[in-house]
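Me: I am new to this structure and would like to go through it by question and reply. Please take each point slowly.

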Amino acid sequence: MQLLLIGLCIGAAVCGYALYAQNGLSKPIPHVVILLGPPGSGKGTQAVRLSKELALPHISTGDLFRENMSQNSPLGQEAKSYIEAGKLVPDSLVLKMLFDRVKRPDSLQGYLLDGFPRTLAQAEALEQMLPPSTKLTVLELDVPDHLIVERIAGRLSCAQCGNVHHRLFSPPSIADRCDKCGGVLTQRRDDQAHVVEERLRVYHEQTKPLVDFYSKKGILQRVDGTKSPDEVFRSLQSKL
Ligand code: AMP
């Protein structure tokens, strides 16, 4: 009797696996989510929440560059002058850094991109690199320029953990100290008003065309980014 039961269990397991594999379910379809939007539109804040919700790693090319700059790596040294001037880092450097990052095992089932792609060449390179079965979702946070400047001017970033506060909208409990890790909060050099203006100019010239690029493919979803972070998050969830 016991042997019969064991036999039945093994049989059921083998059949189950065969069905699973036959339906192509043995390899889950990777899901890549792109968050598009101007600097200061809330991509970083929303990416942290979405990454938890979707259980996908949050990959921010800006954070990767800042990590490299704080380690003074050759890549960080090369990127620094572009970033501090509000310019885009050349595509070749960004692509190599991003492709190395997405090769890591945590990205096998997909990832959430924050700050990438920022040029048509980057979008095309990403398309070439993704396996054809990938599900690609593009979410655009729509925020007008006059609000961007106000938002970025009050932004305070933690040098230690990257957490972001805002002087008006999410002030830290202790002045100039990060709520998450107690690190010192400072203004990013590229968040100074004159650099923000250049970043916005670059956004309209080089990144905004991606809205059209992804709209034409029918995969762009637009969300009003002027609402509160909770409302924006709910709208993003409803699009996924
Ligand atoms: P972010 O934190 O996304 O605002 O990025 C900060 C800066 O890093 C940008 O202003 C650019 O100088 C650089 N950067 C980040 N991502 C990219 C990208 N995909 N292409 C070119 N430059 C980038």
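Me: Is Asp-176 buried, partly exposed or exposed, and at what relative accessibility?
Reply: This is a predicted model, in which local features need pLDDT of at least 70, side-chain atom pairs count only at pLDDT 80 or more, and totals for chains, interfaces and linings use all residues. Residues are numbered from 1 along each chain as its sequence is written, and side-chain values use heavy atoms, with hydrogens and water left out. Buried means under 20% relative accessible area, exposed over 50% and partly exposed in between, with a 1.4 Å probe and protein chains only. Asp-176 therefore counts as partly exposed, at a relative accessibility of 45%.

Me: Which residue in the loop between α3 and α4 has a positive phi without being a glycine?
Reply: Most residues other than glycine have a negative phi. In the loop between α3 and α4 (74-84), where helices are DSSP runs of H or I with at least four residues and strands are runs of E with at least two, numbered from the N terminus, one residue has a phi near 55 degrees. That residue is exposed, with a relative accessible area of 52%, and its name is Asn-72.

Me: Which proline is joined to Phe-116 by a cis peptide bond?
Reply: Most peptide bonds are trans. The bond that follows Phe-116 is cis, with omega at about -5 degrees. The proline on its other side lies in the loop between β3 and α6 (120-129), and it is Pro-117.

Me: What is the order of the strands in the open sheet of five strands?
Reply: Two strands pair if DSSP finds at least two bridges between them, and five bridges join β1 (residues 31-36) to β3 (residues 110-114), which run parallel. The edge strands, each pairing on one side only, are β2 (58-60) and β8 (220-224). With parallel pairing, the order is β2-β3-β1-β4-β8.

Me: How much of the area that the ligand exposes when taken alone does the protein bury?
Reply: A polar contact is a pair of N or O atoms within 3.5 Å, and a polar side-chain atom of Thr-61 lies 2.8 Å from a nitrogen atom of the ligand. A polar backbone atom of Lys-87 is 2.6 Å from an oxygen atom of the ligand, while a polar side-chain atom of Gln-122 lies 2.9 Å from a ligand nitrogen atom. Taken alone the ligand exposes 480 Å², by the Shrake-Rupley method with a 1.4 Å probe, and the share buried by the protein is 96%.

Notes. A polar contact is a pair of N or O atoms within 3.5 Å; within protein, one must be able to donate a hydrogen and the other to accept it, and residues adjacent in sequence count only if both atoms are side-chain atoms.
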